[in-house]
Number of protein chains: 2
Amino acid sequence: MLQEEFASRLLESAVTELSRLPGVGRKTALRLALHLLRRDEAQSVALGEAIIDLRRNIRYCTRCHNISETETCAICSSPSRTASTVCVVENVSDVMAVERTRQYQGVYHVLGGVISPMDGIGPDTLEIDSLVERVEQGGIDEVILALPATMEGDTTNFYIFRKLAPFTDLKITQLARGVAVGNELEYTDEITLGRSILHRTLFSDSFNKR
Amino acid sequence: MLQEEFASRLLESAVTELSRLPGVGRKTALRLALHLLRRDEAQSVALGEAIIDLRRNIRYCTRCHNISETETCAICSSPSRTASTVCVVENVSDVMAVERTRQYQGVYHVLGGVISPMDGIGPDTLEIDSLVERVEQGGIDEVILALPATMEGDTTNFYIFRKLAPFTDLKITQLARGVAVGNELEYTDEITLGRSILHRTLFSDSFNKR
């Protein structure tokens, strides 16, 4: 039926593949496909090749599992980064998010996800063992758990915390949770607000840490 | 700077190419690229290949310029369509829109755009001459101008109307314009409402034409 409507197997297949992208329905996919048809052939081919190239040839840092051009990524191999502080994040875009703050000088460890039994993601499919190995090899003073503030993130935090508990000298921290900067109390959810009252901090500390 | 932020030339190039798509900014492009990295290699490669294949191998009907798998498209070559009625549309998605109504039994002529001097689109870059040729070859009784109700659409309508004026036997019609089905008068723009009063139709006609 839809095949008939599109009058072309090529268009049908492009629309089907495009509509598998997150947030792209069949209508948007059709709009994109017709746009690809209208513009220069070189540009459309460049997009197709960039997608194939990305998926086939991307490499990951053997140490932190961030995207990398080389065996160890630019962050891991930079002498100006503090290799003794490791920030554990869910995925590559979180590394970018933390980097954009320009507040962090340590290195990373990308898990590749968080524990989510509902989606069939157990600890074994994540880079948790390799994190424990890095700590075993020594030279790490602090592990910062920077996973999402969701139930899955909390589960993963706790799992990692237990795995790392044997290393008694290791400092394990997590991101501060509380009222987001710029938010009105009125519109802050009650769990966040409740926690920020319980875990209130010394006002004088805010001068030192900006 | 951004190259540095992405830590990979492959990711950078995929994001750049994706962000050229209409309605996709760099942030969405990055989200899409990371999604492409996460899911099965076969799926991402299929998307890339579908895009290249679409652009390289798509064919157009030599008669109506609609997308086609064959020399003349399924609509043009169907014996059940009225070849003497030609509906002139801006592009391929308009053919699909009219087909979805299931109210039209004639054939099409896809212009490939509308006259728009601002965008450098003159009559010569559109399939207007080939429309005149089709009429010259005979067998066409009616040309329906189904271009968008914009200034560019009106300009193109008028240009085609003048080109076809010498064919005195030819009936040239255009889409009915008026209050859209389901619209409140209160929220209908005044130009549309004004025109629909001027061009009011006989109430009894609505019984025959549903």
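1. H4(A) and H4(B) come out roughly antiparallel to each other, and therefore that is where I'd begin. On the cut-offs used here, angles under 35 degrees count as roughly parallel, over 145 as roughly antiparallel, 65 to 115 as roughly perpendicular and the rest as oblique. Both helices span residues 41-57 of their chains, and they pack at about 165° with axes 8 Å apart. Axes here are lines fitted to C-alpha atoms, for helices over the stretch in contact, with angles from 0 to 180 degrees between N-to-C directions. Helices (H or I, at least four residues) and strands (E, at least two) are DSSP runs, numbered from the N terminus.

2. Before going further, a word on the basis: this is a predicted model, where local features need pLDDT of at least 70 and side-chain atom pairs count only at pLDDT 80 or more, while totals for chains, interfaces and linings use all residues. Side-chain values use heavy atoms, leaving out hydrogens and water, residues are numbered from 1 along each chain as its sequence is written, and chains are lettered from A and ligands numbered from 1 in the order in which they are written.

3. Back to the helix pair: H4(A) passes H4(B) in a left-handed crossing. (Left-handed means that the near helix is turned anticlockwise from the far one by less than a right angle; right-handed means clockwise.) On the H4(A) side the contact includes Ser44(A), Leu47(A), Gly48(A), Ile51(A) and Arg55(A), and on the H4(B) side the residues include Ser44(B), Leu47(B), Gly48(B), Ile51(B) and Arg55(B). Contact means heavy atoms within 4.5 Å. By class, the residues of this contact are eight nonpolar, four polar and eight charged. For the classes, Ala, Val, Leu, Ile, Met, Phe, Trp, Tyr, Cys and Pro count as nonpolar, Asp, Glu, Lys and Arg as charged, and the others, Gly among them, as polar.

4. How are the two chains related? Chain B superposes on chain A by a rotation of 180° with 0.1 Å of shift along its axis, at an RMSD of 0.1 Å. The two copies are thus related as by a two-fold rotation axis. The superposition is by least squares on the C-alpha atoms of residues with pLDDT of at least 70 in both copies. Both copies use the same surface, with 100% of the contact residues of chain B recurring in chain A. Gly48(B) is the residue of chain B that comes closest to the rotation axis, its C-alpha lying 2.0 Å away; Gly48(B) is also among the H4(B) residues in the contact with H4(A).

5. H4(A) has a second partner across the chains. Its axis and that of H2(B) (residues 9-18) come within 9 Å and cross at roughly 145°, and this crossing is left-handed too. From H4(A) the contact draws on residues including Ala46(A), Leu47(A), Ala50(A), Ile51(A) and Leu54(A), and from H2(B) on Leu10(B), Leu11(B) and Leu18(B), among others. The split here is nine nonpolar, three polar and two charged. Leu47(A) and Ile51(A) also appear in the contact with H4(B).

6. Within chain A, H2(A) (residues 9-18) packs on H3(A) (residues 26-38) at about 125°, with axes 8 Å apart. That makes H2(A) oblique to H3(A). The crossing is right-handed. Leu11(A), Val15(A) and Leu18(A) are among the H2(A) residues involved, facing H3(A) residues such as Ala29(A), Leu32(A) and Leu36(A).

7. Now the sheets. Chain A has an open sheet of four strands in the order E4-E3-E5-E6, with parallel pairing. Strands pair if DSSP finds at least two bridges between them. The edges are E4 (106-110) and E6 (171-174) of chain A, each pairing on one side only, and the twist averages 25° from one strand to the next. E3(A) (residues 82-89) is joined to E4(A) by five bridges, with Val86(A) opposite Val107(A). H6(A) (residues 129-136) lies across E3, E4 and E5 (142-145) of chain A, at about 145° to E4(A).

8. Chain B also has an open four-stranded sheet, ordered E4-E3-E5-E6 with parallel pairing. Here E3(B) and E4(B) pair over five bridges, and Cys87(B) has Tyr108(B) as its bridge partner in E4(B). H6(B) lies across E3, E4 and E5 of chain B, running at about 145° to E4(B).
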